[in-house]
Amino acid sequence: MVASQTTVTKAAPTLLPQPGDAAIPMALLELELSLDGFSGSKDEFAAFVRTVAADIGGELLFTLPASGLVEDCLTIAAIRYSDAGKAPTILFVCLGGDGNAIRVEQPGERTADLKNFAEAFVGVLERI
């Protein structure tokens, strides 16, 4: 009778992402979590987004009616966020069609022109 051989291999430890290397910057995660606390109305949306953006070191650029640019969205708020040492990012905070839910959208194909407008808006503000 021959004894069976068993080999045991140790798995290499998986390193957790460092704060600077994380796929989702901590401030953006904080933004998502803070936006979940919205319990206001359409009229309070802009003030709420301004406060939350400021809390993560961002700024509200403008709000405007979604006009079909983003699905299930009444109002879009454009915010600019700068992570330490990186180029500023434009994000869109959308007030859902029900007027209660808020979500963050990255600029995409349908909102590319709006992103360009937001960047031009920032350029004008920086020259003033």
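Which residues of S4 sit on the covered face, and which on the uncovered one? Keep that in mind while we walk through the model; S4 is a later stop.

**Before you click**

This is a predicted model, in which local features need pLDDT of at least 70 and side-chain atom pairs count only at pLDDT 80 or more, while totals for chains, interfaces and linings use all residues. Residues are numbered from 1 along each chain as its sequence is written, and side-chain values use heavy atoms, with hydrogens and water left out.

**Stop 1: the whole chain**

Show everything as a cartoon. You should find three helices and four strands, in the sequence pattern α-α-β-β-β-β-α. Helices (H or I, at least four residues) and strands (E, at least two) are DSSP runs, numbered from the N terminus.

Now switch on the surface. Its accessible area is about 8,800 Å², with 55% belonging to carbon and sulfur atoms; areas come from the Shrake-Rupley method with a 1.4 Å probe, and for residues only the protein chains shown count as cover. Of the 128 residues, 31% count as buried. Here buried means under 20% relative accessible area, exposed means over 50%, and partly exposed is in between (1.4 Å probe, protein chains only).

**Stop 2: the sheet**

Select the four strands. They make an open sheet in the order S1-S2-S3-S4, with antiparallel pairing. S1 (59–65) and S4 (102–105) are at the edges with a single partner strand each, so one side of each has no neighbour in the sheet. From one strand to the next the twist averages 25 degrees. Two strands pair if DSSP finds at least two bridges between them.

Zoom in on S2 (residues 73–81) and S3 (residues 89–96): eight bridges join this antiparallel pair. Ala78 is a handy marker, standing opposite Phe92 in S3. Follow Phe92 to S4, where Glu105 stands opposite. S3 and S4 are antiparallel too, joined by four bridges.

**Stop 3: S4 and its hairpin**

Back to the opening question: the covered face of S4 carries Ile102 and Val104, and the uncovered face carries Arg103 and Glu105. S4 forms a hairpin with S3, with five residues between them, and Gly99 in the turn has a positive phi of about 80 degrees.

**Stop 4: the helices over the sheet**

Select H2 (residues 45–55), which lies across S1, S2, S3 and S4 and runs at about 155 degrees to S1. H3 (residues 112–127) lies across S1, S2 and S3, at about 130 degrees to S1. Axes are lines fitted to C-alpha atoms, for helices over the stretch in contact, and angles run from 0 to 180 degrees between N-to-C directions.

Show the side chains of H2. Its buried residues are Phe45, Val49, Val52 and Ala53. Looking down the axis of H2, they fall within an arc of 100 degrees, so they line one face of the helix; the arc is that of the directions from the helix axis to the C-beta atoms. On the other side of H2, Ala54 and Asp55 are exposed. Just after H2, check Gly57, with a positive phi of about 85 degrees.

**Stop 5: Arg80**

Is Arg80, in strand S2, buried or exposed? At 17% relative accessibility, Arg80 counts as buried. Its side chain makes polar contacts with the side chains of Glu59 at 2.8 Å and Glu126 at 3.2 Å. A polar contact is a pair of N or O atoms within 3.5 Å; within protein, one must be able to donate a hydrogen and the other to accept it, and residues adjacent in sequence count only if both atoms are side-chain atoms. Leaving aside neighbours within four places in sequence, the contacts of Arg80 include Leu61, Ile90 and Val122. Contact means heavy atoms within 4.5 Å.

**Stop 6: Thr75**

Stay in S2 and select Thr75. At 10% relative accessibility, Thr75 counts as buried. Beyond its neighbours within four places in sequence, Thr75 is in contact with residues including Phe45, Thr63, Val93 and Cys94.

**Stop 7: Asp72**

Finish in the loop between S1 and S2, where you'll find Asp72. At 52% relative accessibility, Asp72 counts as exposed. The side chain of Asp72 reaches the backbone nitrogen of Gly97 at 3.1 Å. Leaving aside neighbours within four places in sequence, Asp72 is in contact with Leu95, Gly96, Gly97 and Arg103. For one last distance, pick the C-alpha atoms of Asp72 and Asp98: they are 8.2 Å apart in space, and the residues are 26 apart in sequence.
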